[in-house]
Amino acid sequence: MSVKPEAASALFAGPFALATLSAPEGAAFPALVTPDARVTDLRSAFEDTGLSMRGLLDDWDAVAPRLAALAVDDAAARRPLAEFRVHAPVEPRQVFQSGANYRQHVIDLHVAHRAPDDDRPEEERRAEAAEIMDRRAAEDLPYVFIGLPSAVTGPYDDVVLPAWAEKPDWELELAAVIGRPTHRVSVEEALDHVAGYTIANDLTDRATVFRRDMPQIGTDWLRSKNAPGFTPLGPWIVPTASVGDPGDLRLTLKLNGETMQDESTKDMIFNVARMVSYASQTARLLPGDLVLTGSPAGNGMHWGRLLRDGDVMDASITGLGAQRTRCVAEAAR
């Protein structure tokens, strides 16, 4: 059973956002949502019964002005949001994840993942982490890897903790949603290729991040990050014009009502434009793809408290709304 969203006076910044919804027993459809929690079915508005969110994003430059006009059209047919189930706002073809992109978070992880034979004082290891980050920032080398679309789930769906996941952890992240085919784009032009932003919680099983059988291989992101439902996404895609500066947003995650993460995107080592540009230098980013931009300090490893059956995570980012997910142990389903 999913945890339902709480009522809010303003769901997101700006005159509208996009969502993927479904009525009971009905198929999912792309919707325009207004801040007063009213919904327009975009299949009807665009006279396309097969329309999907990715279809909208495929033609974003032409669609965006039509959506803006529809949001202020008093004659538009709208229904209460409460009548619908909220899904992940988009089914991406590709998910670009990133790590070690918040300064304080990297320092904390560097200390937490101390090698057994590393007896140096904590202050020395923190200084080492800061030096590594400064060098990365100067060399323009973000840490980007690939996630699986099958890990994406809705913003209010239960998160199943697999029986094999010994140390499941939360990672609240700002996600950029691509709105144009993007390949080898410059930093200066990168944000022109972003349709909007949404919330992602990039869950990680810390126990399987590093291979135990062959440490020389390094990180195992398939195992540690891509279980079904390990990427709660949404609830909305908020267009870039309504977000303002993505480099000055507040990320907050609460576990059972207690604040665990509370940081600004100002703490990013590489901003959104640099992340999108960097990923595009190798890959061709497609409309609807996600670029996750890393998680700030305050993960479970920092607090010494990992996710357990029954935990409820409330995650929010300035202007993008909030998601709420409950953890359910696989054996307890």
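Here, a residue is buried under 20% relative accessible area and exposed over 50%. Keep that cut-off at hand for the exercises below, which use a predicted model.

**Exercise 1. The two sides of helix 5**

Task: Work out which residues of helix 5 are buried, and which exposed residues sit on the face turned away from them.

Solution:
- Start with the helix itself: helix 5 covers residues 122-139, 18 residues in total. From first C-alpha to last it reaches 26 Å, close to the 26 Å expected at 1.5 Å a residue.
- Next, pick out the buried residues, which are Arg-125, Ala-129, Ala-130, Met-133 and Arg-136. Their arc around the axis is only 140 degrees, so they lie on the same side of helix 5.
- Now turn to the face pointing away from that buried side: the exposed residues Glu-123, Glu-131 and Ala-138 are found there.
- Finally, step past the end of the helix. Asp-140 follows helix 5 and has a positive phi, near 60 degrees.

**Exercise 2. Thr-20 in its surroundings**

Task: Decide whether Thr-20 counts as buried or exposed, and find the backbone oxygen that lies 2.7 Å from a polar atom of its side chain.

Solution:
- Locate the residue first: Thr-20 belongs to strand 1, residues 17-22.
- Then apply the cut-off. Thr-20 has 12% relative accessibility and therefore counts as buried.
- The backbone oxygen in question is that of Pro-89.
- Beyond its neighbours within four places in sequence, Thr-20 is in contact with several residues, including Ala-28, Met-53, Arg-85 and Val-90.

**Exercise 3. The nonpolar cores**

Task: Identify the residues that touch the most other members of the largest nonpolar core.

Solution:
- The largest nonpolar core has 59 residues, and Leu-21 and Trp-236 touch the most other members.
- Helix 9 (residues 272-282) supplies the largest share of this core, five residues.
- Look around Leu-21: leaving aside neighbours within four places in sequence, its contacts include Ala-27, Val-39, Leu-81 and Phe-84.
- Another core, of 27 residues, lies apart from the largest one; among its members are Leu-56, Leu-70, Ala-175 and Ala-200.

**Exercise 4. The edges of a sheet**

Task: Find which strands stand at the edges of the open sheet of six strands.

Solution:
- Read off the strand order, 7-6-18-11-12-15, with mixed pairing.
- Strand 7 (143-147) and strand 15 (238-239) stand at the edges; each has a single partner strand, so one side of each is left without a neighbour in the sheet.
- Strand 7 runs antiparallel to strand 6 (residues 95-99), and five bridges join them.
- In this pair, Gly-99 stands opposite Tyr-143 in strand 7.

Terms used:
Residues numbered from 1 in each chain as written. Predicted model: local features only at pLDDT ≥ 70, side-chain atom pairs only at ≥ 80, totals over all residues. Heavy atoms only, no water. Helix = DSSP H or I, 4+ residues; strand = E, 2+ residues; numbered from the N terminus. Buried < 20%, exposed > 50% of the residue type's maximum accessible area, 1.4 Å probe, protein only. Polar contact = N/O pair within 3.5 Å; in protein donor to acceptor, adjacent residues only side chain to side chain. Contact = heavy atoms within 4.5 Å. Expected span 1.5 Å × (residues − 1). Arc of directions from axis to C-beta. Core = buried A, V, L, I, M, F, W, Y, C linked by side-chain atoms within 4.5 Å. Pairing = 2+ DSSP bridges.
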